[in-house]
Amino acid sequence: VLAALVPQIRNCACAFKGRSVGNSLYGLQRCGDSQEVRDVLAALVPHIQKCTDAFAGHNVSNSIYGLQRCGDSQEARDVLAALVPHIQKCTEAFKGQTVSN
């Protein structure tokens with residue numbers, strides 16, 4: 001399934017919003033490190049970098065939570081690097097419920 005999503009993600013012309021990024025990464029929460037996961041992460045990086053939407057606290061939390069089993073790959077590091085500016089711009093206070101979900 002993930003392999004089939006990669007070209008769709010790469011060719012998606014729509015602008016991702018903070019919610020879209022958070023939900024996309026959150027959906028990977030049970031996926032372990034694999035080439036398919038790495039390919040999805042690599043395809044998401046340009047969309048994360050181009051996102052101009054402000055991330056709410058739960059978008060940041062969902063993004064990071066979704067990466068928990070993705071391994072320490074270059075692709076996961078690239079996603080984290082792309083998320084940094086969004087995390088830095090997030091002005092919403094992180095609450096226990098937001099972070100724990």
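In the next few minutes I will go through the nonpolar core, a surface patch, an aromatic pair and the salt bridges of this structure, which is a predicted model.

Let me begin with the interior. The largest nonpolar core has 23 residues, and those with the most contacts inside it are Leu25, Leu41, Ile48, Val79 and Leu83. Two or more residues of this core come from each of helix 1 (2-11), helix 2 (18-26), helix 3 (35-50) and helix 5 (74-89), and helix 3 gives the most, with 7 residues. In general terms, nonpolar side chains tend to be buried together in soluble globular proteins. To take one residue as an example, Val79 touches Leu25, Leu41, Val45, Ile48 and Leu67, if we leave out residues up to four places away in sequence.

Turning to the surface, which residues make the nonpolar patch of about 230 Å²? They are Ile64, Leu80 and Ile87. Leu80 has its place in helix 5, and because its relative accessible area is 41%, Leu80 is classed as partly exposed.

Next, the aromatic rings. A search of the whole structure finds 1 aromatic pair, formed by Tyr26 and Tyr65, whose rings lie 5.6 Å apart, centre to centre, with 25 degrees between the planes, and are stacked. The pair links distant parts of the chain, since Tyr26 is in helix 2 while Tyr65 is in helix 4 (residues 57-66), 39 residues apart. As for accessibility, Tyr26 is at 30% and therefore counts as partly exposed, and Tyr65, at 30% relative accessibility, likewise counts as partly exposed.

Finally, the charged side chains. Side chains of opposite charge can pair when their charged atoms come close, and here a search of the whole structure finds 2 salt bridges. In one of them, the side chains of Arg38 and Asp33 meet at 2.8 Å, N to O; Arg38 counts as partly exposed at 26% relative accessibility, and Asp33 is partly exposed too, with a relative accessible area of 37%. Arg77 and Asp72 also meet through their side chains in a salt bridge, at 2.7 Å, N to O. Is Asp72 buried or exposed? At 60% relative accessibility, Asp72 counts as exposed, because the class begins over 50%, whereas Arg77, at 46%, counts as partly exposed.

How values were computed: Residues are numbered from 1 along each chain as its sequence is written. This is a predicted model: local features need pLDDT of at least 70, side-chain atom pairs count only at pLDDT 80 or more; totals for chains, interfaces and linings use all residues. Side-chain values use heavy atoms; hydrogens and water are left out. A nonpolar core is a set of buried Ala, Val, Leu, Ile, Met, Phe, Trp, Tyr and Cys residues joined through side-chain atoms within 4.5 Å. Buried means under 20% relative accessible area, exposed over 50%, partly exposed in between (1.4 Å probe, protein chains only). Helices (H or I, at least four residues) and strands (E, at least two) are DSSP runs, numbered from the N terminus. Contact means heavy atoms within 4.5 Å. Patches are made of residues with over 30% relative accessible area and no salt bridge: like charges are joined within 9 Å, nonpolar side chains (Val, Leu, Ile, Met, Phe, Trp, Tyr) within 5 Å. Accessible areas come from the Shrake-Rupley method with a 1.4 Å probe; for residues, only the protein chains shown count as cover. A salt bridge is a side-chain nitrogen of Lys or Arg within 4 Å of a carboxyl oxygen of Asp or Glu. Rings of Phe, Tyr and Trp (its six-membered ring) pair if their centres lie within 6.5 Å; planes under 30 degrees apart count as stacked, over 60 as edge-to-face and the rest as tilted.
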